[in-house]
Amino acid sequence: MHQLNEIDTRRIGIAFCMLIFGQFSATVVAQESTDPMEVCYRMSDADKRHACFDQEMQRRHAKPADTVGLDGKQLIIKRREAGVQPEPIKPIKPITAAVAALKSRPGHQYYFELDNGQVWESTDSEGDLLLGPHETVVIRPGVLGAFFLKTPQGRSIRVHRLR
């Protein structure tokens, strides 16, 4: 096997450094050229350069959406300060409907098709859900957007609306 001498090792090291630093400097130059003001500055045509600066300044001074990233409490405060009246929150009323079709899924879960056309699925396992077609069920809202289907026997199961 050929052994590298000290000169060959230095040449390889120098070539490697040049490769790495060459890539780094190309990246820096590429990053500098993405600044819109720098792009405008480098334009040789005075009219195009002036139009470019005007467009960039208009973009920078455009009012961004103030509500992006605000949580619910911050959003309420922001709207109150701006004098925007929130729409009153309407309570979600329970849905009473008859089961049109019931399909069993793996893991003791179910699809419920109601006579009003809505389709729901269970998100919890319920091994002994005694429910048949034409039985009346009540779907009521829970906390944090959850919904629960209650059978005529009084059993409840968490459900999610599909359509």
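**Disulfide, helix 3, barrel and aromatic pair**

One disulfide is counted in this predicted model. The bond is formed between Cys-40 and Cys-52, with an S to S distance of 1.8 Å. Its two cysteines come from distant parts of the chain: Cys-40 belongs to helix 2 (residues 36–41) and Cys-52 to helix 3, twelve residues apart. The torsion about the S-S bond of Cys-40 and Cys-52 is about -70°, and the disulfide is therefore left-handed. Cys-40 has a relative accessibility of 1% and counts as buried. For Cys-52 the relative accessible area is 15%; this value is under 20%, the limit for a buried residue, so Cys-52 is buried as well.

Helix 3, which contains Cys-52, comprises 16 residues (residues 46–61). At 1.5 Å a residue, helix 3 should span 22 Å, and its end C-alpha atoms are 22 Å apart, so the expected and computed values agree. The N-terminal end of helix 3 is capped by Asp-45. In this cap, a side-chain oxygen of Asp-45 lies 2.9 Å from the backbone nitrogen of Asp-47.

The strands form a separate topic. Strands of a sheet pair through backbone hydrogen bonds, in either a parallel or an antiparallel sense. Six strands make up a closed barrel in the order 1-2-3-6-5-4, and their pairing is antiparallel. On average, neighbouring strands of this sheet are turned by 45° against each other, direction ignored. Within the barrel order, strand 5 stands between strand 6 and strand 4. Strand 4 (residues 136–141) pairs with strand 5 in the antiparallel sense, over four bridges. Across this pairing, Ile-139 is opposite Leu-149 of strand 5.

Aromatic contacts were also examined. A pair of aromatic rings is described by the distance of the centres and the angle of the planes. The count comes to one aromatic pair. The ring centres of Trp-120 and Phe-147 are 5.5 Å apart and the ring planes lie at 65°. Planes over 60 degrees apart count as edge-to-face, and the pair of Trp-120 and Phe-147 is therefore edge-to-face. This pair links distant parts of the chain, with Trp-120 in strand 3 (residues 119–122) and Phe-147 in strand 5 (residues 147–150), 27 residues apart. Strand 3 and strand 5 are both among the strands of the barrel. Trp-120 has a relative accessible area of 3% and is buried.

Terms used. Residues are numbered from 1 along each chain as its sequence is written. This is a predicted model: local features need pLDDT of at least 70, side-chain atom pairs count only at pLDDT 80 or more; totals for chains, interfaces and linings use all residues. Side-chain values use heavy atoms; hydrogens and water are left out. The expected span of a helix is 1.5 Å times one less than its number of residues. A polar contact is a pair of N or O atoms within 3.5 Å; within protein, one must be able to donate a hydrogen and the other to accept it, and residues adjacent in sequence count only if both atoms are side-chain atoms. Rings of Phe, Tyr and Trp (its six-membered ring) pair if their centres lie within 6.5 Å; planes under 30 degrees apart count as stacked, over 60 as edge-to-face and the rest as tilted. Buried means under 20% relative accessible area, exposed over 50%, partly exposed in between (1.4 Å probe, protein chains only). Two strands pair if DSSP finds at least two bridges between them. Axes are lines fitted to C-alpha atoms, for helices over the stretch in contact, and angles run from 0 to 180 degrees between N-to-C directions. A disulfide is a pair of cysteine sulfur atoms within 2.5 Å.
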